[in-house]
Amino acid sequence: METQNSTTLQPNRRTGHGSAEARKASRIWVPIVALAVVVLATASALYSLSRPSIPDEIEGLIAYGDIPSEIVDGPVDYSMDPPAGGQHAAMPLECGLYFHPVENEKAVASLATGAIWVAYDPDALSESQLEDLKVFGEGNEDVLMTPYPDLPHPVVISAWGFQLYPRLADRSAHRLVHPGLQERGFSAVLGSPLPRR
């Protein structure tokens, strides 16, 4: 007659999910992780709510609707001049003040990253207006400012899918924009950075 081993294997209670150490660790870390998730979600929601958006009723604001974004090689024939979106180069321009015209495709790539493009016709501006623009452009990290000969207006402000032909102020670039923007808490060129796409 064969004898069976009377010893049965018992799970080691010191390891695994049921151990006292695991339960103690869970009681500590689960609330910490849950609190961190709640804090991050709240911060993200508050940040997205605090970002300004373009007001619905700005006189003269042109909204182009849904413009597809596609990276292409080579030149693009844009229907807008200057373009406010569409096919673009893979590499955007670094925001800042440029003294020579830039490639539309690279400027549009900058718009695709959330930049604001202030294009100006250097021949249509007085020296003081041009200096005001330059002063404004030097201090804004989300603004791309470039000369653009033969514009339909002395200054054209573009963000992805939007354009504005602002009235020019005599003294300050901070008065460059349309009064409707300032009435709604926006300052300078289209105010703060626009919502990212």
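## Group meeting talk: strand β4 and its surroundings

Hi everyone, let me start in the middle of the sheet: strand β3 (residues 116–120) and β4 pair in the parallel sense, with 5 bridges between them. Pairing here requires that DSSP finds at least two bridges between two strands. Helices (H or I, at least four residues) and strands (E, at least two) are DSSP runs, numbered from the N terminus.

A quick word on the source. This is a predicted model, where local features need pLDDT of at least 70 and side-chain atom pairs count only at pLDDT 80 or more, while totals for chains, interfaces and linings use all residues. Residues are numbered from 1 along each chain as its sequence is written, and side-chain values use heavy atoms, with hydrogens and water left out.

Now the overall layout. The protein has 4 helices and 6 strands, and along the sequence they follow the pattern α-β-β-α-β-α-β-β-β-α. The 6 strands form an open sheet with mixed pairing, in the order β1-β6-β5-β3-β4-β2. At the edges sit β1 (62–63) and β2, each of which pairs on one side only. As a general reminder, strands of a sheet pair through backbone hydrogen bonds, either parallel or antiparallel.

Back to β4. On its other pairing, strand β2 (residues 96–97) joins β4 in the parallel sense over 2 bridges. Which residue of β4 is the bridge partner of L97? That is M145, and M145 is also the bridge partner of V118. G96, meanwhile, stands opposite L144 in β4.

How many of the residues of strand β4 (residues 143–147) are buried? The count is 5 of the 5, so the strand is largely enclosed by the rest of the structure. For our purposes, buried means under 20% relative accessible area, exposed over 50%, and partly exposed in between (1.4 Å probe, protein chains only). V143, M145 and P147 point one way from β4, while L144 and T146 point the other way. In general, side chains in a regular strand alternate between the two faces of the sheet.

Next, the helix that covers this region. Helix α2 (residues 104–112) packs on the sheet and touches β3, β4 and β5 (155–159). Its direction makes about 145 degrees with that of β3; axes are lines fitted to C-alpha atoms, for helices over the stretch in contact, and angles run from 0 to 180 degrees between N-to-C directions. The helix is mostly covered, with 8 of its 9 residues buried, among them A107, V108 and L111.

One residue of α2 that I'd like to show you is S110. Why does S110 count as buried? Its relative accessible area is 1%. Neighbours within four places in sequence aside, S110 is in contact (heavy atoms within 4.5 Å) with P92, L93, A115 and L144. So L144 turns up again: it is the β4 residue opposite G96. After α2 comes G114, whose phi is positive, near 105 degrees.

Some backbone details for those of you who like torsions. Most residues other than glycine have a negative phi, and most peptide bonds are trans. Here, the peptide bond from D81 to P82 is cis, with omega near 0 degrees, and P82 is in the loop between β1 and β2. D150, in the loop between β4 and β5, has a positive phi near 65 degrees. Is D150 buried or exposed? It is exposed, because its relative accessible area is 67%.

On to charges and the surface. The structure holds 1 salt bridge, meaning a side-chain nitrogen of Lys or Arg within 4 Å of a carboxyl oxygen of Asp or Glu. K106 forms it with E103, the closest N and O atoms being 3.8 Å apart. Both ends are partly exposed: K106 at 31% relative accessibility and E103 at 46%.

The accessible surface of the protein comes to about 12,800 Å², of which 54% belongs to carbon and sulfur atoms; areas come from the Shrake-Rupley method with a 1.4 Å probe, and for residues, only the protein chains shown count as cover. I28, W29, I32, V33 and V37 make a nonpolar surface patch of about 500 Å². Patches are made of residues with over 30% relative accessible area and no salt bridge: like charges are joined within 9 Å, nonpolar side chains (Val, Leu, Ile, Met, Phe, Trp, Tyr) within 5 Å. I32 is in helix α1 (residues 20–50) and is partly exposed, at 42%.
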